[in-house]
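Subject: Structure for you to look at

Hello,

Here is the structure I promised to pass on. Please open it first, then read my notes below.

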Amino acid sequence: MENCYAAVLDVRRFAPTDKHRTIFFVWEALPPGEQLLLINDHDPKPLYYQFAAEQTNRFDWNYVEEGPTEWRVQLGKR
């Protein structure tokens, strides 16, 4: 499943202050049309709202797994 992504980023081990910055850094490096698989230990809904505000119409967001202990989000770059 994880082979179809340009990047897989498991942020469960990151300090909370580093998560969004790291995710945006990796996502920005993706070529258009590629996808990042984001793995987190909670629903990253605040990250979705940040993408919606800062990257309007430039991303796709699809939950692959929604808890209860692990969330996986397919984050595509348009």
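The four strands form an open sheet, in the order β1-β2-β4-β3. Pairing within the sheet is mixed. β1 (7-10) and β3 (59-66) are the edge strands, and each pairs on one side only. From one strand to the next, the twist averages 20°. Bear in mind that this is a predicted model.

Next, the hairpin. β3 and β4 (residues 71-77) run antiparallel, and seven bridges join them. Two of the pairs are easy to find. Phe59 has Lys77 in β4 as its bridge partner. Asp60 stands opposite Gly76, also in β4. Four residues lie between the two strands of this hairpin. Look for Gly67 there: its phi is positive, near 75°. As background, strands of a sheet pair through backbone hydrogen bonds, either parallel or antiparallel.

Now the helices. Which strands does α2 lie across? The answer is β2 (35-40), β3 and β4. Relative to β3, α2 runs at about 170°.

α2 also packs with α1. Helix α1 covers residues 16-29, and helix α2 covers residues 45-54. Their axes come within 11 Å and cross at roughly 50°. That angle falls outside the ranges for roughly parallel (under 35 degrees) and roughly perpendicular (65 to 115), so α1 and α2 are oblique to each other. The crossing of α1 and α2 is right-handed.

Which residues of α1 and α2 meet? From α1 come His20, Ile23, Phe24 and Trp27. From α2 come Pro46, Leu47, Gln50, Phe51 and Glu54. By type, the residues of this contact divide into six nonpolar, two polar and one charged.

Last, the annotation. An unreviewed UniProt entry places "domain: DUF2249" on residues 8-76. In the model, that span is 35% helix and 33% strand. The C-alpha atoms at the two ends of residues 8-76 lie 12 Å apart.

If you want a route through the model, start at the β3 and β4 hairpin, with its seven bridges. Then go to α2, which lies across β3 and β4 as well as β2. Finish at the contact of α2 with α1, where Phe24 and Phe51 are among the residues involved.

Best wishes

Methods:
Residues are numbered from 1 along each chain as its sequence is written. This is a predicted model: local features need pLDDT of at least 70, side-chain atom pairs count only at pLDDT 80 or more; totals for chains, interfaces and linings use all residues. Side-chain values use heavy atoms; hydrogens and water are left out. Axes are lines fitted to C-alpha atoms, for helices over the stretch in contact, and angles run from 0 to 180 degrees between N-to-C directions. Angles under 35 degrees count as roughly parallel, over 145 as roughly antiparallel, 65 to 115 as roughly perpendicular and the rest as oblique. A crossing is left-handed if the near helix is turned anticlockwise from the far one by less than a right angle, and right-handed if clockwise. Contact means heavy atoms within 4.5 Å. Ala, Val, Leu, Ile, Met, Phe, Trp, Tyr, Cys and Pro count as nonpolar, Asp, Glu, Lys and Arg as charged, and the others, Gly among them, as polar. UniProt positions are given in the numbering used here, feature names are shortened, and annotations may be inferred rather than shown by experiment. Two strands pair if DSSP finds at least two bridges between them.
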